[in-house]
Amino acid sequence: MSQDQPRKPISERIWDFFASVKLSFFLLLLLAVLSIAGTLIPQKEGAAAYVRAYGEAGWRFISAIGLNDLYHAPWFVLIMALLAANLVICSINRLSLTMRILGKDPAQEAGSMRKAKDSFTLTGEPASNLDKARLVLERLVGNSAQAKDGERTVLFAQRGGWSRFGVYLVHTSVLVIMAGALVGNFWGYSGFMNIPVGSSVDHIMLDNGQAKPLGFTLRLDKFNVAFYPNGMPSEYRSEVTFIDGGKEVQKSSLIVNDPAEYKGIDFYQSSYGNDLEAMEVELIRADGSKQPLTLKAREINQLPGGAKAAIQGWRERVQMGAMYDGPVARILYQEKGGEPQAYTAFNPGVKMPQSGPLKFEIVKVQTEAYSGLQVKYDPGVWFIWVGCTLMVIGFFIAFYFSHRKVWLRLSPTGQGRTKLEIAGATNKNRQSLARLISRLSHELGGGPKKAE
Amino acid sequence: MEALSNQILVAVTFTFLAASVLYLCHWAFKSKVFGWAASGVTWAALGVLTLAIVLRWVASHQMGIGHAPFSNLFESLVFFAWTIAAIYLIIELSTWMRTIGAFAVPLAFLSMLYALTLDPSIKPLLPALKSNWLIAHVITCFLGYAGFAVSAALGAMYLATGQAKDPASPRALVLDNLIYQTVVVGFILLTAGIVTGSIWANSAWGTYWSWDPKETWSLITWLVYASLLHSRFMRGWQGKRMAVFSLVGFGCVLFTYFGVNLLLSGLHSYATGK
């Protein structure tokens with residue numbers, strides 16, 4: 001760190017930069033702060049919603065830097081990639097150090113005893129105490145090595161060296177999770193399908209609005225909503241049949257929290273509702289004459305006499321206080337040779353301002369129930385579960401296991417007695433080392449000692 | 001039985017208040033009597049609170065809508081108070097530093113007090129909440145939150161008792177280490193909470209991660225504590241900075257818990273039906 005040292009070559013400085021804990025610290029906090037922005041600004045809304053909330057200029061700014069889909073914006077992904085690079089390089093740097101520590105010759109380590117933390121005198125010469133000391137040390141710590149230092153003998157043992165790999169396990173797990181997310185992003189897809197009861201559907205609508213054929217067909221045999229006594233829904237259940245190559249291959253019962261899988265694709269109970277099939281209406285002209293019509297949904301209806309009509313939109317139930325409670329439809333009607341005009345239709349007998357020379361009244365609404373399924377294919381999901389498991393295991397190793405080294409030194413005191421000194425070192429968790437030393441001291445005859 | 005459980009919860013709230021006052025007296029007057037009384041009252045509160053939670057569980061089964069009492073804000077606040085008291089008492093047993101109680105136990109009281117302002121009635125589970133992962137997710141998350149709550153209490157104590165003036169004193173070092181240890185406990189449990197949550201989300205919503213505000217804030221909290229744990233390896237971040245950091249982290253926890261539900265909208269808002 002001294003300033004007199006010659007400057008390192010640029011490649012090494014870049015390496016050191018990426019290997020530093022400071023960079024990890026900074027990147028983790030940066031990701032945290034940027035993520036906050038994504039929870040304050042609504043994500044993945046339509047342009048109109050942003051213009052309404054932030055104005056034209058605000059929306060131009062938001063869309064320019066991708067704040068409307070922050071977590072997938074290139075710069076956000078880049079910061080995650082930097083964190084990944086930081087993880088890898090920092091780990092490589094540390095790993096060589098760790099291997100050097102673990103590769104040390106125990107006999108040599110025995111010769112470099114640390115400062116004694118405890119010492120007491122035993123009866124008998126060192127030679128007669130050596131075997132007992134070694135036995136206790138090996139039982140409580142591990143295989144021992146021995147070094148001579150003139151008249152003095154030093155025993156060395158260590159345990160938990162493997163726990164130094166815990167941190168690498170954690171870092172690897174983060175990379176595995178990131179890899180899983182990438183795999184899902186590149187090779188996975190997600191979308192939804194609405195299946196009317198009794199119908200079959202062979203494609204899904206992807207999140208980007210495109211249709212994607214499944215290669216097989218799903219038939220909704222039954223859809224049921226169960227309720228609690230207080231009226232709250234307790235269960236949504238879709239009974240579906242998978243049809244592949246013209247054959248019924250699988251029957252599944254889909255409920256929330258219990259999806260079905262076919263050919264690696266998962267189907268989730270997501271929503272339900274009623275779709276309009278057709279509407280029976282009555283067309284009332286200014287002269288009071290009435291004409292019954294049946295208008296099909298989702299198409300332009302050719303009517304007798306050359307007129308055309310279509311249902312632009314509808315609501316199953318609209319409540320307007322005491323004025324109205326019932327279905328409402330918006331009907332586009334075009335007389336032969338005339339201009340199309342939009343009318344709002346209500347149930348019969350309702351006094352509403354008329355929007356044109358004609359009036360439409362809703363006589364009957366034909367709907368069909370559909371079940372909405374979320375559909376997902378994600379080959380990366382197993383990476384995620386493996387990564388999560390490794391991470392939790394890695395945490396336990398990294399935080400609750402330590403590499404502890406213990407030295408015992410036996411020296412003659414001159415009166416046929418032995419001075420026994422205990423020293424220890426650990427890479428973390430000093431209390432656990434202190435407990436180990438006090439146990440050793442107790443078993444070797446140092447008398448009961450309170451833990452620090 | 002539901003009514004009995006609710007009455008006990010009211011009593012427990014004021015028991016935590018009494019314990020908080022006793023711990024504060026212990027701290028102010030350095031009196032052992034207050035300390036022993038405070039511990040006794042807190043143990044009693046935890047025991048009775050456990051009973052109330054079990055009664056509530058049993059009551060829900062008697063109503064025919066049996067589910068673990070971890071399903072809404074009211075029940076989570078009650079359980080949060082339980083986890084704070086439990087983790088604090090474990091630390092008290094291992095350190096005998098009762099002054100910590102003056103900072104930790106009031107948090108349990110506040111959690112209970114907030115719960116008392118809410119509707120305590122037992123309601124059936126929405127379909128999305130009907131999962132075995134509910135219990136694992138809530139228990140891990142709230143034990144984690146409680147670990148962070150206690151570490152923030154330790155951080156506040158570190159600052160309030162002037163440890164920053166002599167960061168090398170034995171007491172300051174013990175506190176610094178306790179902050180670190182409780183953050184580690186919280187961090188592992190928060191990780192487990194996020195993992196169980198994403199397993200659950202994967203089976204309920206078809207995606208293990210959807211950047212929903214609650215998920216994102218739990219990740220923000222995780223990132224903040226991850227940086228705190230890394231700061232341990234940088235010079236000069238022990239002591240006062242650690243104490244401040246633990247308070248900032250707990251601020252993130254509180255926002256994840258309350259702020260997201262109150263201020264932001266997302267999948268976790270179980271106030272409205274599907």
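**Notebook: a nonpolar patch, helix α8(A) and aromatic pairs**

I began with the nonpolar patch on the surface of this predicted model, and I noted that α4 (74–102) and α8 (381–400) of chain A each supply at least two of its residues. The patch is formed by A:Leu95, A:Met99, A:Leu102, A:Trp162, A:Phe165, A:Phe396, A:Tyr400 and A:Phe401, which together have about 720 Å² of accessible area. Looking up which helix gives the most to the patch, I found α4(A), with 3 residues.

I then picked out A:Phe396, a patch member that lies in helix α8 of chain A. Its relative accessibility is 41%, so I entered A:Phe396 as partly exposed, the class between the cut-offs of 20% and 50%.

Next I went along α8(A) itself, which has 20 residues and spans 29 Å from its first C-alpha to its last, close to the 28 Å expected at 1.5 Å a residue. Which residues of α8(A) are buried? I listed A:Val381, A:Ile384, A:Trp385, A:Gly387, A:Cys388, A:Met391, A:Gly394, A:Phe395, A:Ile397, A:Ala398 and A:Phe399. For what covers these buried residues, I recorded that the cover includes α7 (166–187) of chain A, and also α6 (170–204) and α7 (213–231) of chain B.

I turned to the aromatic rings, and over all chains the structure holds 48 aromatic pairs. For the pair of A:Phe216 and A:Tyr262 I noted ring centres 4.7 Å apart and planes at 80 degrees, so I wrote it down as edge-to-face. Because A:Phe216 lies in strand β6 (residues 211–227) and A:Tyr262 in strand β9 (residues 260–262), both of chain A, this pair ties together parts that are 46 residues apart in sequence. I checked the burial of both partners: A:Phe216 is buried at a relative accessible area of 3%, and A:Tyr262 is buried at 12%.

A:Tyr262 also forms an aromatic pair with A:Phe242, and I entered this one as stacked, with 5.1 Å centre to centre and 25 degrees between the planes. Here too the pair links distant parts of the chain, since A:Phe242 sits in strand β7 (residues 233–244) of chain A and A:Tyr262 in strand β9 of chain A, 20 residues apart. I noted A:Phe242 as buried, like A:Tyr262.

My last entry concerns chain B, where I found that B:Trp57, B:Phe70, B:Phe79, B:Phe80, B:Trp82, B:Tyr114, B:Phe142, B:Tyr145, B:Tyr257 and B:Phe258 form one aromatic cluster.

Technical notes. Residues are numbered from 1 along each chain as its sequence is written. Chains are lettered from A and ligands numbered from 1 in the order in which they are written. This is a predicted model: local features need pLDDT of at least 70, side-chain atom pairs count only at pLDDT 80 or more; totals for chains, interfaces and linings use all residues. Side-chain values use heavy atoms; hydrogens and water are left out. Patches are made of residues with over 30% relative accessible area and no salt bridge: like charges are joined within 9 Å, nonpolar side chains (Val, Leu, Ile, Met, Phe, Trp, Tyr) within 5 Å. Accessible areas come from the Shrake-Rupley method with a 1.4 Å probe; for residues, only the protein chains shown count as cover. A salt bridge is a side-chain nitrogen of Lys or Arg within 4 Å of a carboxyl oxygen of Asp or Glu. Helices (H or I, at least four residues) and strands (E, at least two) are DSSP runs, numbered from the N terminus. Buried means under 20% relative accessible area, exposed over 50%, partly exposed in between (1.4 Å probe, protein chains only). The expected span of a helix is 1.5 Å times one less than its number of residues. Contact means heavy atoms within 4.5 Å. Rings of Phe, Tyr and Trp (its six-membered ring) pair if their centres lie within 6.5 Å; planes under 30 degrees apart count as stacked, over 60 as edge-to-face and the rest as tilted.
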